[in-house]
Amino acid sequence: MQTYDLSTGSLRELNATLHAQNEATNQTTWEIMNPKGAHAIACGLDSPIEVTVRGSTGYYSAGMNQQATVNITGSAGPGVAENMMSGKVVIDGDASQYAGATGHGGLLVVKGNASSRCGISMKGINIVVHGNIGHMSAFMAQSGNMVVCGDAGEALGDSCYEARLFVRGSVKSLGADCEEKEMRPEHLEILRALLTEGECDAKPEEFKRYGSARNLYNFNIDNAY
Amino acid sequence: MSNDDSGIPRTTPRQSATFSQDVNSEIRRAAATGIYDIRGGGAKRKLPTFDDLLFLGASISRYPLEGYREKCDTNVSIGGLNASNPIHLDIPITIAGMSFGALSGPAKEALGRGASEAGTSTTTGDGGMTPEERGHSSKLVYQYLPSRYGMNPDDLRKADAIEIVVGQGAKPGGGGMLLGQKISDRVASMRNLPKGIDQRSACRHPDWTGPDDLEIKILELREITGWKVPIYVKVAGARPYYDTTLAVKAGADAIVLDGMQGGTAATQDVFIEHVGQPTLAIIRPAVKALQDLGMHRKVQLILSGGIRTGADVAKAMALGADAVAIGTAALIALGDNDPKWEAEYNKLGTTAGAYDDWHEGQDPAGITTQDPELMKRFDPIEGGRRLRNYLKVMTLEAQTIARACGKNHLHNLEPEDLVALTMEAAAMAQVPLAGTDWWPGKTGLF
């Protein structure tokens with residue numbers, strides 16, 4: 001295992017070192033010590049390495065991730081795994097706002113709670129939150145799946161498109177054009193797989209599914225307010 | 001003047017200046033449809049412009065340079081403050097961001113061809129980077145927009161610069177629109193949306209708000225791209241002094257400042273005509289912000305919004321811009337609104353020069369459309385040639401003026417070379433009203 005200590009090294013050197021890893025690297029496991037809330041840790045990775053950040057991170061950790069697995073043993077600041085393309089990001093603690101924003105692929109797992117705007121504008125990413133999520137989550141969510149084992153805050157899925165939103169607990173309110181949808185067998189299969197991959201022991205049958213009512217897909221003056 | 005039946009003279013029917021025929025027709029349209037008018041382009045209303053400024057030229061105290069013979073350079077470097085690979089342009093006229101989606105693939109290709117041949121950059125838009133565009137653009141600026149349609153780190157690393165779009169002159173505070181007629185299979189797939197829906201782009205970024213966040217966002221983008229490429233921040237001409245100050249403090253390498261004549265693919269007409277400031281009014285506050293920070297000429301200022309001629313370029317640069325960007329003018333150079341399609345414009349209820357329903361995807365010139373049949377009318381090679389010619393003419397015009405003012409580089413033009421024809425232009429450009437040594441607010445603050 002390679003260890004990098006941010007109390008003595010620089011963010012630039014760390015990210016440059018991680019970016020230099022390619023498909024053939026034999027340095028596949030990395031440990032980052034003393035993150036102390038630094039921003040942009042392990043962003044832009046593009047190789048099948050596993051990086052464990054020992055502590056909590058600032059903004060945009062694991063941003064635009066491709067292929068890599070990034071574990072954060074503490075909590076993550078705003079925009080963790082934003083625009084992720086592939087790979088996996090796991091946060092042992094809580095995630096601040098915009099977790100997984102605009103993500104195109106991969107899996108984001110938050111073992112604690114996620115704050116507001118979780119999965120905002122998501123475009124194919126899968127997100128599993130063991131706890132609760134805050135208000136305006138999945139706003140304008142385009143595609144992908146969001147699994148919430150706890151409760152959802154206000155205005156879930158406002159103006160969403162084709163993303164699937166699964167919530168086990170209560171939903172404080174649904175956003176514009178978001179409605180409860182029928183849970184069909186294929187959805188239970190998707191849920192089961194995501195719960196397994198997200199290391200969550202909840203049962204798929206305990207969830208409800210939400211998604212777009214598709215009334216905002218074409219402009220209609222009666223929808224304006 | 002006519003008489004009525006009893007022979008009493010009748011007054012001539014008088015149209016209201018307030019309720020003009022234009023206004024009345026819009027009231028009737030709104031009453032019939034119940035929805036606001038959506039259109040493309042920039043502000044059409046009459047505004048103070050660069051036409052209200054004049055160059056003084058040379059005199060006994062200033063000697064001119066010989067036209068065509070003495071050197072007058074036009075090159076500009078953008079982004080050297082933080083980027084290891086700044087952009088070097090032969091001419092200070094760039095192509096503004098326009099999306100694949102709003103424009104056809106061949107139109108984007110033509111913009112790349114023309115810009116590359118002229119030695120300048122072109123810019124992606126709200127819809128991601130297409131291989132055609134990257135392939136035909138020697139220098140491509142990749143826009144980082146609130147929607148993040150098509151955004152991915154591979155394309156980010158292929159870009160020669162990144163432009164974080166905060167606002168657009170046509171609609172400061174507004175997001176984008178692309179109506180269903182233009183959401184073809186390819187556009188839908190690039191944007192990860194269902195085909196045929198009316199697509200709306202967010203008006204603000206999903207993962208940052210405010211200047212402190214922006215600084216961290218810029219850090220992230222620099223880390224992902226290895227601090228190689230310049231990062232521009234594009235703002236609408238809403239609060240140019242403060243927006244420029246905040247963008248510089250957040251770490252921008254260049255500011256793109258867009259006035260209300262700057263075009264959009266589609267938004268509400270009320271937005272285009274009533275929100276924002278004229279291009280002429282925004283440049284001096286932005287330059288002052290850079291000067292106050294000691295960053296003028298270190299952080300480059302790229303001005304856009306209604307730039308049409310070499311004279312406009314020269315005036316923008318004399319007032320302190322490092323470069324300009326053109327959008328609408330570039331489309332016209334490609335063939336947009338050409339009178340040769342007049343019969344077809346008439347069928348659409350409009351006329352050449354006034355056509356602005358770009359969002360409907362029925363462009364007779366085949367530029368602002370995704371219709372395969374209409375697209376065939378547009379030849380990207382010929383379009384690229386026309387754009388190159390136009391950029392060349394603008395550059396020659398700007399050089400002509402600069403030489404007449406005794407300047408051996410366009411960057412050496414200065415406010416002292418200008419006077420204003422109107423009080424408004426004098427106040428906005430902060431150059432003397434012609435025949436005086438005074439402008440309104442000369443001792444005031446912005």
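Visitor: Which residues of H2(A) are buried?
Guide: This is a predicted model, in which local features need pLDDT of at least 70 and side-chain atom pairs count only at pLDDT 80 or more, while totals for chains, interfaces and linings use all residues. Residues are numbered from 1 along each chain as its sequence is written, and chains are lettered from A and ligands numbered from 1 in the order in which they are written. A residue is buried if 20 or more other C-beta atoms, placed from the backbone, lie within 10 Å of its own, exposed if 12 or fewer, and partly exposed in between. In H2(A), the buried residues are A:Leu191, A:Leu194 and A:Leu195.

Visitor: How wide an arc do they cover around the axis of H2(A)?
Guide: The arc is that of the directions from the helix axis to the C-beta atoms. An α-helix has 3.6 residues a turn, so residues three or four places apart point the same way. The buried residues lie on the same side of H2(A) because the arc they cover is only 100°.

Visitor: Which residues are exposed on the other side of H2(A)?
Guide: Helices (H or I, at least four residues) and strands (E, at least two) are DSSP runs, numbered from the N terminus. The buried side of H2(A) is covered by elements that include strand E7 (123-129), strand E8 (143-148) and strand E9 (164-167) of chain A. On the other side, the exposed residues are A:Pro185, A:Glu186, A:Glu189 and A:Thr196.

Visitor: How far does H2(A) reach from its first C-alpha to its last?
Guide: The expected span of a helix is 1.5 Å times one less than its number of residues. Helix H2 of chain A covers residues 185-197, which is 13 residues, and its reach is close to the expected value; that reach is 18 Å.

Visitor: Which buried residues does helix H1 of chain A have?
Guide: Helix H1 of chain A spans residues 11-19. Its buried residues are A:Leu14, A:Asn15 and A:Leu18.

Visitor: How wide is the arc that they cover around the axis of H1(A)?
Guide: These buried residues are on the same side of H1(A), because their arc is limited. Around the axis, they cover only 90°.

Visitor: Which helix of chain B packs against the buried residues of H1(A), together with strands of chain A?
Guide: Within chain A, the partners are strand E1 (2-5), strand E2 (29-33) and strand E3 (50-53). From chain B, the partner is H6.

Visitor: How many residues of chain A are in contact with chain B?
Guide: Two residues are in contact if their C-beta atoms, placed from the backbone, lie within 7 Å. Chain B takes part with 21 residues, and the number of residues in chain A is 37.

Visitor: Which element gives the most to the side of chain B that touches chain A?
Guide: This element contributes five residues to that side. It spans residues 210-224 of chain B and is helix H6.

Visitor: Which residues along E2(A) point to one face and are buried?
Guide: In a regular strand the side chains alternate between the two faces of the sheet. Along E2(A), A:Thr29, A:Glu31 and A:Met33 point to one face and are not buried. Those that point to the other face and are buried are A:Trp30 and A:Ile32.

Visitor: How many bridges join E1(A) to E2(A)?
Guide: Two strands pair if DSSP finds at least two bridges between them. E1(A) and E2(A) run parallel, and A:Asp5 stands opposite A:Met33 in E2(A). The number of bridges that join E1(A) to E2(A) is four.

Visitor: Which are the edge strands of the open sheet in chain B?
Guide: Eight strands form this sheet, in the order E5-E15-E14-E12-E11-E8-E7-E6, with parallel pairing. An edge strand pairs on one side only, and here these are strand E5 (93-95) and strand E6 (122-123).

Visitor: Is B:Ile183 buried or exposed?
Guide: B:Ile183 lies in the loop between strand E9 (177-178) and helix H5 (185-191) of chain B. Beyond residues up to four places away in sequence, B:Ile183 touches several residues, among them B:Leu178, B:Ala188 and B:Leu193. Because 22 C-beta neighbours are inside 10 Å, B:Ile183 counts as buried.

Visitor: What percentage of the residues in chain B is buried?
Guide: Chain B has 15 helices and 16 strands. Of its 446 residues, the buried part is 55%.
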